[in-house]
Amino acid sequence: MVYRKASMEDLEFLTETRVEVLRAANRLSGDADMSVVREQSHRYYQRALCDGTHTAYLAFDGEHFAGAGGISYFQVMPTYHNPSGNKAYIMNMYTRPEYRRRGIAYHMLELLVGDAKGRGITAISLEATKMGRPLYERYGFTQMRDEMELREKA
């Protein structure tokens, strides 16, 4: 397995991978309209890869895409436990079904967490699916106690 940091040359591939990840995570059919998500993801990667607010890694088995992962960087107001206010959010973790249970996602986490720690960031979070939760717990992530989210009312 070859892991490599994505670059601007991977822009189209990253965009299509994002759509694939979202289809899988949300159990969407192949005919679900993802045009707006595709366009906005393209814009996001174009900006964030250039300004350093996102890092993505790709895993390949020869010519075959096996998995991906990304980490977004942002800043909030400083706190006692995070005086810089710098935070990282892991996202877009995905391993193609035929490559699962081979340690690809765990290695991807190592790369992403290493990237964040290399920037001096220790406040790292993520949103876990039911399938991904055991991996993240094994790595050392814990359930957050105090964070809440306002969801749009139907």
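These exercises work through the fold of one predicted model.

**Exercise 1. Order of elements**

Find how many helices and strands the chain has, and in which pattern they follow.

*Solution.* Start with the count: the chain holds four helices and five strands. Then read along the sequence. The pattern is β-α-α-β-β-β-α-β-α.

**Exercise 2. Strand pairing**

Determine which strands β4 is joined to, and whether each pair runs parallel or antiparallel.

*Solution.* Take β3 (residues 64–75) and β4 (residues 86–95). Eight bridges join them, and they run antiparallel. As an example, alanine 68 has tyrosine 94 in β4 as its bridge partner. Next, take β5 (residues 124–126). Three bridges join β4 to β5, and this pair runs parallel. Here alanine 88 stands opposite isoleucine 124 in β5.

Now trace the connection. The chain leaves β4, passes through helix α3 (residues 104–118) and reaches β5. This β-α-β crossover is right-handed.

**Exercise 3. Overall dimensions**

Check the radius of gyration of the chain against that of a compact globule.

*Solution.* Begin with the length, 154 residues. A compact globule with that many residues would have a radius of gyration near 15 Å. The chain has 16 Å, which agrees. For the extents, use the principal axes: the C-alpha trace spans about 45 × 40 × 35 Å.

**Exercise 4. Burial, surface and contacts**

State what share of the residues is buried, what the surface is made of, and how far apart in sequence contacts reach.

*Solution.* Buried residues, those under 20% relative accessible area, make up 37% of the 154. The exposed area is about 10,300 Å², and carbon and sulfur atoms supply 52% of it. For contacts, consider residues at least 6 apart in sequence. Of these contacts, 58% join residues at least 24 apart.

Terms used:
Residues numbered from 1 in each chain as written. Predicted model: local features only at pLDDT ≥ 70, side-chain atom pairs only at ≥ 80, totals over all residues. Heavy atoms only, no water. Pairing = 2+ DSSP bridges. Helix = DSSP H or I, 4+ residues; strand = E, 2+ residues; numbered from the N terminus. Right-handed = clockwise from strand over helix to strand, strands pointing away. Rg over C-alpha atoms; globule rule 2.2 N^0.38 Å. Buried < 20%, exposed > 50% of the residue type's maximum accessible area, 1.4 Å probe, protein only. Contact = heavy atoms within 4.5 Å. Areas by Shrake-Rupley, 256 points an atom, 1.4 Å probe, with all protein chains shown as cover.
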